[in-house]
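Subject: Structure handover

Hello,

Here is the structure I said I would pass on. My notes on what turned up in it follow below.

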Amino acid sequence: MRGAARRLTLPVRALLAAVVVLATVGCSPRELVVLDGSELIAWESAEGGTAGQIIVSITSAADAVVDPDVFGRDAQTSAVLLGADGEPLPGASRIQLHAVPQTLEPGESGYLIADFDVPSTVADIRVEIRADEANPRPRIDVTGFTLVATDDGVGAEGLLEWDGSGSAVARGIALDEDGQPIGFVGTSEVRYDAGAFTMCCFPPAVTRDSIAEVVVFGIQAIGES
């Protein structure tokens, strides 16, 4: 059984300096992505460690389409898990962050998300963004999105629709009444054709009443070459 969740809001100012330097790939350092805020939502895991989610709010500062979570070429957009002493946790402390949507148009906002389950107590995170200009990725339509109550917590269902190329998944970011992220959820399986999906579940502390809005993204997981 999952323990009670604790929501930790991280100071934006402390992280912003790192983003300005790190949100670059290539020869000319320049700010491509601006960090708007970070949320660490954590709870005690069944094994006594820490399970949780990371949600980073970002906005493109580029004049072209940007990929905010470049992976490869010795670059990775990630969050480093920190202990109470402010140092990285021993072992696997670096968690890869994934962008929703996958690419950002100039001035567009989005999120970087990840979940984790580690045997240590997580007190804080350090976000490191590696971004680069990219070709735009297809946007997948999500319709009929509805929150549902399950035995494991708050989930959702809906329909994914796209042109049939490759496969697709859905991701939903729950926001409170102040517009702050309080958790995310993803499809339980990859869809290879258009149709219904289910998602379960948001973090344990998220209730139906605590959700003011859900921002939903359809993502093409596998495209035709």
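Strands here are DSSP runs of E of at least two residues, numbered from the N terminus. Please keep in mind that this is a predicted model.

Pro101 sits in the loop that runs between β9 and β10. The peptide bond between Val100 and Pro101 is cis, with an omega of about -5°. A second cis bond leads from Cys200 to Cys201, and its omega is near 0°. Cys201 is likewise a loop residue, placed between β17 (195-200) and β18. For context, most peptide bonds are trans.

Next, the pocket. The largest pocket has a volume of about 680 Å³. It is lined by 29 residues, and those closest to its centre are His98, Val100, Ile113, Arg171 and Ile219. Val100 is therefore both a residue of that central group and a partner in the cis bond to Pro101. The elements that each give two or more residues to the lining are β3, β9 (98-100), β10 (109-118), β15 (167-175), β16 (181-186) and β18 (213-222). Which strand provides the largest share of the lining? That is β10, with four residues. Sorted by class, the lining consists of 15 nonpolar, eight polar and six charged residues.

There is also a small point about Ser45, which lies in the loop between β2 (33-44) and β3 (50-60). Is Ser45 buried or exposed? Ser45 counts as buried because its relative accessibility is 7%, and the cut-off for buried is under 20%. Beyond its neighbours within four places in sequence, Ser45 is in contact with Thr50, Ala51 and Asp117. Asp117 is 72 residues away from Ser45 along the chain, yet their C-alpha atoms are separated by 7.1 Å.

Last, one of the sheets. Three strands make up an open sheet, in the order β8-β7-β11, with antiparallel pairing. Its edge strands, β8 (94-96) and β11 (124-128), each pair on one side only. From one strand to the next, the twist averages 25°. Three bridges connect β7 (residues 78-82) with β8 in the antiparallel sense, and Ser78 stands opposite Gln96 of β8. In general, the strands of a sheet pair through backbone hydrogen bonds.

Regards

Notes: Residues numbered from 1 in each chain as written. Predicted model: local features only at pLDDT ≥ 70, side-chain atom pairs only at ≥ 80, totals over all residues. Heavy atoms only, no water. Pairing = 2+ DSSP bridges. Axes fitted to C-alpha atoms, helices over the stretch in contact; angles between N-to-C directions. Buried < 20%, exposed > 50% of the residue type's maximum accessible area, 1.4 Å probe, protein only. Contact = heavy atoms within 4.5 Å. 1 Å grid on protein atoms, 1.4 Å probe; cavity = no way out; pocket = protein on both sides within 12 Å on 5 of 7 lines; lining within 4 Å. Points joined across faces, edges and corners; volume = space filled by probe spheres on them. Nonpolar A, V, L, I, M, F, W, Y, C, P; charged D, E, K, R; others polar.
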